[in-house]
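Take a look at this model before reading on. Some questions and answers come after it.

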Amino acid sequence: MTPEVIFLLLGGGSVVGVVADRLVTWLVGRRKERISLADQSTQMAERLLVRMDAQLAGAETKLQLAETQMAAANLTIAQLREELTRTKGEVAQLRAELRSRQDVSAERDRLLAENAHLKAQVISLGGQP
């Protein structure tokens with residue numbers, strides 16, 4: 001078909017021209033519809049992506065906060081372990097001191113008993129205590 005024939009069919013007012021015009025309009029309209037639907041789908045996907053990015057950023061922030069809290073907790077645990085070690089050392093030192101005092105007390109009691117015995121011997125021998 002030559003351009004003149006196509007022009008006559010489309011613009012010439014014939015029934016074939018009207019049908020061809022409607023067919024072309026319908027095809028172009030369908031294509032625009034599909035493009036419009038694709039654009040809407042793309043926009044929805046972009047909005048969803050933005051929302052997911054925001055959720056991911058929030059999750060990353062929460063993760064960083066949790067890591068900071070965990071580091072602080074680990075530091076506190078280390079300090080508590082250090083304090084526990086110091087306290088165990090102090091307890092061991094106090095127990096040793098208590099044993100030493102018990103030994104001294106036992107020695108004092110033994111010496112007091114020996115002294116009382118010796119006083120009793122002196123008195124029995126007729127001396128002054």
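The questions below cover the fold, the exposure and the salt bridges of this predicted model.

Q: How many helices and how many strands are in the chain?
A: The model is predicted. One of its helices, H2, covers residues 15–124. The chain's full count is 2 helices and 0 strands.

Q: What share of the 129 residues is buried?
A: A residue counts as buried under 20% relative accessible area. The chain exposes about 11,700 Å², with 63% of that supplied by carbon and sulfur atoms. Buried residues come to 1%.

Q: How many salt bridges does a search of the whole structure find?
A: Side chains of opposite charge can pair when their charged atoms come close. The cut-off here is a side-chain nitrogen of Lys or Arg within 4 Å of a carboxyl oxygen of Asp or Glu. Over the whole structure, the search gives 6.

Q: How far apart are N and O in the salt bridge of Glu82 and Arg86?
A: Both residues sit in helix H2, 4 residues apart, so about one helical turn separates them. Arg86 is partly exposed, at 45% relative accessible area. The N to O distance is 3.4 Å.

Q: Which residues are linked with Glu82 in a network of salt bridges?
A: Glu82 pairs with Arg86 through their side chains. The network also takes in another glutamate. Linked with Glu82 are Glu83 and Arg86.

Q: With which residue does Glu107 form a salt bridge?
A: Glu107 is partly exposed, at 36% relative accessibility. Its partner lies 3 residues away in helix H2, so the two are about one helical turn apart. The closest N and O atoms are 2.6 Å apart. The partner is Arg110.

Q: Which residue meets Arg110 in a salt bridge of 3.0 Å, N to O?
A: Arg110 is partly exposed, at 43% relative accessibility. The residue in question also lies in helix H2, 4 residues from Arg110, about one turn of the helix. That residue is partly exposed too, with a relative accessible area of 38%. The name is Glu114.

Terms used: Residues numbered from 1 in each chain as written. Predicted model: local features only at pLDDT ≥ 70, side-chain atom pairs only at ≥ 80, totals over all residues. Heavy atoms only, no water. Buried < 20%, exposed > 50% of the residue type's maximum accessible area, 1.4 Å probe, protein only. Areas by Shrake-Rupley, 256 points an atom, 1.4 Å probe, with all protein chains shown as cover.
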